[in-house]
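Open the model in your viewer and keep the selection box at hand. We will go from stop to stop, picking residues and looking at what surrounds them.

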Amino acid sequence: MQEEKSKEDHSRLINATAKDLTARNRRLVEVPYTATLSHAMNTLVANSISALPVAAPPGHWIGAGGSMIMESDKQTGVVRKHYIGILTMLDILAHIAGEDSNLSHLDRKMGSQVSSIIGHCLEGLSLWTLNPNTSLLECMEVFSKGIHRALVPVESSIESNNTSAGVELIESASAYKMLTQMDLLRFLKDHHFDDLKTVLSRSISHLRAVNDSVYAITERTTVSNAINVMKGALLNAVPIVHAPDIAQEDHLQLINGRYRKVIGTFSATDLKGCRLPELQTWLPLTALEFTEKASGKEREVVSCGVESTMEEAIEKVVTRGVHRVWVMDQQGLLQGVVSLTDIIRSLRAALS
């Protein structure tokens, strides 16, 4: 009986598709290219998401990465809109803390159209679709390359019986759902596949999921400086470390965070929920002060040990809603980071 159950679970893992991964997801939340940053930010906050597809009239735009991802009328097939990119919270942050950092101009900046902001950060130019029939393992392969999200047609116009359909740059469908790295890990956590148990019980170190190259900011780095260095390094979050021994100019840039004490995390998503008057007074603060004000309290750093199991790491990212876990040694000093990409990459390799 147990053998039959194991075979059934194994079959479910092998046969699960992108359509299964998005079964509980709502229809796509998006904004038009004419939306202001202020409107886009309100949409992000209201829906508790950190990225939005941007839609424009067909035929007037080149899509992100050369993509031709369209929404068409279900009955007639006439194209109604063209998705031209993704707007992320880091795009908004980078725009706010750009070269013109005069805080009195914040209202004007938040009145900018989202179409003028796409491309500030590289991720905004990464727009992909996954065929609904794409297998779970192939979804893992895609997300292991650092792609954070993809659109999945509710009904694809590109017929495919191939369970390894992969990513597409051309698609036309009447509706889409968003599939993220977090959705994939939540699916694995909620479905206790027997053939995953052995892998999940191994340590993150054994699975080579720990990235020991970890950049940080200090307790004296301001929000504006933090945003600019994160934009330059294409990072959505950085640890805030105690670094009393470094030169003054090092507080203005990223430093090697290894073997330092982590006292906080500054993430692009910290901006969610901040009203404009608050932003105007908070941007000159240190990133550490900002995170405490944004949450209303001192926040616990989400971390794990070097020998924590993969199951523990997944539990932390899913239940805490974070996209990375800082890895500490027994003295509580930073050893590295495990991101969603690292987790999915190491799982995919272990299942090969």
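Start with C139. At 0% relative accessibility, C139 counts as buried, because the cut-off for that label is under 20%. Keep in mind that this is a predicted model.

Next, select C304. C304 is buried too, with a relative accessible area of 9%. How many disulfides does the structure have? The count comes to 0.

**Stop: strand β4**

Select residues 79-88, which make up strand β4. β4 is mostly covered, with 7 of its 10 residues buried. Pick G85, which sits in this strand. G85 has 0% relative accessibility and counts as buried.

Now add V54. Which residue of β4 stands opposite V54? The answer is G85. Their C-alpha atoms are 5.5 Å apart, although 31 residues separate the two along the chain. Show the strand β2, residues 51-56. β2 runs antiparallel to β4, and 6 bridges join them.

Strand β3, residues 68-72, also pairs with β4. This pairing is antiparallel as well, over 4 bridges. Select M70 and H82: M70 stands opposite H82 in β4. β3 and β4 form a hairpin with 6 residues between them. In the turn, click G77, which has a positive phi of about 80 degrees.

**Stop: the aromatic pairs**

The structure holds 2 aromatic pairs. Show the side chains of Y83 and Y176 to see an edge-to-face pair. The ring centres are 5.7 Å apart, and the planes stand at 90 degrees. Y83 belongs to β4 and Y176 to strand β9 (residues 176-180), so the pair ties together parts that are 93 residues apart in sequence. Are these two tyrosines buried or exposed? Both Y83 and Y176 are buried.

Move on to F266 and F290. Their ring centres lie 5.8 Å apart with the planes at 75 degrees, so this pair is also edge-to-face. F266 is in strand β13 (residues 262-267) and F290 in helix α11 (residues 287-295). The pair links distant parts of the chain, 24 residues apart. Both F266 and F290 are buried.

**Stop: helix α4**

Select residues 89-96, helix α4. How many of its 8 residues are buried? The count is 8 of the 8, so the helix is largely enclosed by the rest of the structure. Among the buried residues of α4 are M89, D91 and H95.

**Stop: the four-stranded sheet and helix α9**

Find the open sheet of 4 strands in the order β12-β10-β11-β13. Its pairing is mixed. β12 (255-256) and β13 are at the edges, each with a single partner strand, so one side of each has no neighbour in the sheet. Look at β10 (residues 215-218) and β11 (residues 237-241), which pair in the parallel sense over 2 bridges. Select T218 in this sheet: T218 stands opposite V241 in β11.

Now show helix α9, residues 223-233. α9 lies across β10, β11 and β13. The helix runs at about 70 degrees to β13. Buried residues of α9 include V223, A226, I227 and M230. Just after α9, click L234, which takes a positive phi of about 55 degrees.

**Stop: the three-stranded sheet**

Here 3 strands form an open sheet in the order β14-β15-β16, with mixed pairing. The edge strands are β14 (303-305) and β16 (334-339), and each pairs on one side only. Neighbouring strands of this sheet are turned by 35 degrees against each other on average, direction ignored. Select β15, residues 324-328: β15 and β16 pair in the antiparallel sense over 5 bridges. Within β15 and β16, V327 stands opposite G336.

**Last stop: helices α12 and α13**

Select residues 310-320 for α12 and 340-350 for α13. These helices pack at an angle of about 145 degrees, with their axes 11 Å apart. Is the crossing of α12 and α13 left-handed or right-handed? The crossing is left-handed. Show side chains at the interface: M310, A313, I314 and V317 in α12 meet L340, I343, S346 and L347 in α13. An α-helix has 3.6 residues a turn, so residues three or four places apart point the same way.

Definitions and conventions: Residues numbered from 1 in each chain as written. Heavy atoms only, no water. Phe/Tyr/Trp six-rings, centres within 6.5 Å; stacked < 30°, edge-to-face > 60°. Buried < 20%, exposed > 50% of the residue type's maximum accessible area, 1.4 Å probe, protein only. Disulfide = S-S within 2.5 Å. Pairing = 2+ DSSP bridges. Axes fitted to C-alpha atoms, helices over the stretch in contact; angles between N-to-C directions. Left-handed = near helix turned anticlockwise from the far one by under 90°. Contact = heavy atoms within 4.5 Å.
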